[in-house]
Amino acid sequence: MDKPEYCEINSSMTLEYINQLLMEDIDEKASIHQQHDALQATEKPFYEILGQVYPSSPKETVYNSDRQVDFPSDSSNNFHGQTCIGSFESDLLGPQGMHLITNDLATERDRLSVQFEKGAEEANKFVPSIEKLMVDLHSSGISVSKQMTEEAVAQKTKKTNKIRARPCVDLELLEARNSKQSAISANEIIRDEMFDSALLSNEHMYHEVAYLRDMNKAREANNSSQNVESKGYGQGKAKSKGKKQQNETVDLRALLIQCAQAIASNDCPFANELLKMIRQHSSPYGDASQRLAVYFADGLEARMAGTRSQICQELMSKRTSARDMLEAYRHFVAACPFIMAAYYFSNKTIVDVSEGRPMVHIIDFGILFGFQWPSLIQCFAKREGGPPKLRITGIDVPLPGFRPCKNVEETGKRLAKYAEMFNVPFQYQGIASRWENISIEDLNIDEDEVLIINCMTDLKNLGDETEDIDSARDRVLRLMKRMKPHVFILGVVNGLHNSPFFLPRFREVLFHYSSLFDMLNTTIAPSHEARILIERYLLGMDVLNVVACDGAERIERPESYKQWQVRSLKAGFKQLPINQAIVKRLVDEKKFYHEEFIIDEDSGWLVQGWKGRIMHALSSWKP
């Protein structure tokens with residue numbers, strides 16, 4: 001290797017190698033002049049908008065071996081780079097080689113600028129002439145805001161100028177580093193007084209129920225008195241009321257169906273006109289139909305604008321915090337008996353099956369925040385002969401980002417706090433995985449323990465036969481059967497909005513959520529902050545997903561409880577009779593709620609509904 005010929009370096013080969021390292025796309029063959037012309041053509045309109053004269057020649061960038069380039073800083077990443085063209089390269093390549101490297105790096109700067117402009121043009125496609133649909137990730141609200149769109153574009157432009165001033169920034173690397181920041185957040189509050197009052201105290205819950213009921217009665221009395229007074233208005237008021245009556249008689253559900261039909265037939269101009277009309281008559285603070293129309297209009301607009309993939313990705317990555325969900329949960333329990341009845345049905349079944357047994361293992365498919373289990377831990381603490389050794393395996397889908405197990409881990413910490421509070425021996429295992437990918441070996445099942453499988457409503461999020469003939473929901477049911485549980489507790493959302501075809505699905509989801517919004521309108525005053533929380537966190541996101549998304553992006557896929565009965569029997573389960581003591585208790589507690597709520601039995605299911613429409617169903621099974 002000490003021969004002179006081995007010491008000679010072919011500068012053209014070296015330059016080619018350096019160029020390959022710098023270039024992200026090695027197949028790009030545009031010339032330097034073409035890239036420079038493209039950059040000039042792109043930049044010139046922006047200079048004219050800013051009222052500045054476009055420079056006749058681009059600024060030269062000086063690279064220095066001891067110059068440090070500062071990169072944009074953020075709270076989590078302080079990234080600094082350094083351009084390194086120094087004496088070693090100069091000695092190696094000589095002045096001509098150094099000149100070529102400098103030109104090559106300048107070319108790279110131009111190429112990166114052009115690439116960024118192309119990316120900006122692609123991003124602008126998501127800003128249609130109609131106002132852009134924006135998802136507020138901080139409030140989890142869904143709204144249309146032109147101002148927010150303009151601010152986002154301005155912020156992006158400002159960031160672009162900073163990057164142009166630093167030509168050696170790797171745009172993809174910088175974008176990836178910035179996206180990492182959102183995956184790391186402050187730790188959730190594990191347990192405090194608010195959690196205790198919502199998850200443990202029945203007295204607090206009954207107080208909330210009574211408070212909402214009294215507010216509702218006062219509101220109904222006020223509306224009745226206003227209706228009586230309105231009958232005494234003279235004929236002279238008829239003209240002034242004409243426009244208001246016209247606004248009140250708009251059938252928003254009919255407009256929504258017409259808009260869905262127009263979108264399905266690709267009649268975008270007519271769909272836009274209908275959307276404008278729907279927006280004019282809808283309001284997140286109005287009556288049931290006006291509030292409902294807000295979320296359906298958002299879904300239709302996302303579908304028509306072609307941003308449904310982006311919206312669905314945002315929904316997958318955005319998970320509501322435990323505190324916000326607890327607030328919505330607390331008000332929903334006070335307004336509606338559905339969750340309270342489901343938790344009581346499940347917990348009472350578990351207590352009965354595990355009576356006198358020293359070890360209990362609960363596998364909870366879809367544990368989320370674990371709001372069901374503090375009351376069960378409290379119940380076990382009061383058991384005669386002492387509490388059992390309790391194991392809970394919490395299963396949930398992984399979160400995107402660096403902490404896929406964040407939810408299940410924090411839920412485990414919260415439940416451990418409650419077990420410590422009530423002196424119940426406790427062990428927790430959190431699994432963040434797609435349910436169909438779980439194996440029995442992952443669950444560490446002990447033959448000496450009472451094994452209980454609990455699944456409340458989340459089976460509807462698994463794929464059906466439209467994705468695979470052997471559907472994910474059938475595979476998971478067979479897996480549960482192979483676990484040989486002492487009891488399998490199944491809760492389902494009774495819905496028919498699972499059609500792969502948009503229009504039939506849209507009609508069914510509209511009727512389903514019309515009942516839910518009507519229920520909230522009847523039980524909670526429009527001005528109550530609980531309405532916004534419930535509609536935003538528990539209903540609005542689901543509506544957006546069903547309306548805007550198709551295929552694998554559509555997460556919400558409910559079926560009727562009789563369809564789930566067929567699936568469970570096919571998987572090898574045998575349905576157990578309903579405990580009549582549970583039914584009696586729930587029927588008695590229904591008296592605290594509105595008279596239009598339904599709690600009944602049908603085909604071995606405990607069904608719940610509103611004004612004759614079945615919304616939820618519960619049953620228990622064994623292999």
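1. In strand E13, isoleucine 614 is the bridge partner of glycine 609, and this pairing is a convenient place to begin reading the model, which is a predicted one. Glycine 609 itself lies in strand E12, and five bridges join E12 (residues 605-610) to E13 in an antiparallel arrangement. The hairpin that these two strands form has two residues between them, and lysine 611 takes a positive phi near 50° there.

2. The surroundings of glycine 609 deserve a separate comment. With a relative accessible area of 0%, glycine 609 counts as buried, because that value falls under the 20% cut-off. Leaving aside residues up to four places away in sequence, glycine 609 touches Phe338, Glu596, Phe597, Ile598, Ile614 and Met615. The C-alpha atom of glycine 609 is also separated by 9.8 Å from that of methionine 519, although the two residues are 90 residues apart along the chain.

3. Strand E13 (residues 613-622) has further pairings to be checked. Strand E9 (residues 487-493) pairs with E13 in the antiparallel sense over six bridges, and within this pairing phenylalanine 488 has tryptophan 621 of E13 as its bridge partner. Strand E10 (residues 574-575) also runs antiparallel to E13, to which it is joined by two bridges, and here lysine 574 is matched with lysine 622 of E13.

4. Helix H19 (residues 502-523) can be tested against the expected rise of 1.5 Å a residue: its 22 residues should span 32 Å, and the end C-alpha atoms are 31 Å apart, which agrees. As for its environment, H19 is mostly covered, with 16 of its 22 residues buried.

5. Helix H15 can be examined in a similar way, since its 16 residues reach 23 Å from the first C-alpha to the last, close to the 22 Å expected at 1.5 Å a residue. The buried residues of H15 include Phe338, Phe345, Ser346, Asn347 and Ile350, and Phe338 is also one of the residues that glycine 609 touches.

6. The packing of H15 (residues 338-353) against helix H16 (residues 373-381) is best given in geometric terms: the two axes come within 10 Å and cross at roughly 30°, and the crossing is right-handed. On the H15 side, Ser346, Asn347, Ile350 and Val351 make the contact, and they meet Trp373, Ser375, Leu376, Cys379 and Phe380 of H16. Classified by residue type, this contact of H15 with H16 has six nonpolar and three polar residues, and no charged ones.

Technical notes:
Residues are numbered from 1 along each chain as its sequence is written. This is a predicted model: local features need pLDDT of at least 70, side-chain atom pairs count only at pLDDT 80 or more; totals for chains, interfaces and linings use all residues. Side-chain values use heavy atoms; hydrogens and water are left out. Helices (H or I, at least four residues) and strands (E, at least two) are DSSP runs, numbered from the N terminus. The expected span of a helix is 1.5 Å times one less than its number of residues. Buried means under 20% relative accessible area, exposed over 50%, partly exposed in between (1.4 Å probe, protein chains only). Two strands pair if DSSP finds at least two bridges between them. Axes are lines fitted to C-alpha atoms, for helices over the stretch in contact, and angles run from 0 to 180 degrees between N-to-C directions. A crossing is left-handed if the near helix is turned anticlockwise from the far one by less than a right angle, and right-handed if clockwise. Contact means heavy atoms within 4.5 Å. Ala, Val, Leu, Ile, Met, Phe, Trp, Tyr, Cys and Pro count as nonpolar, Asp, Glu, Lys and Arg as charged, and the others, Gly among them, as polar.
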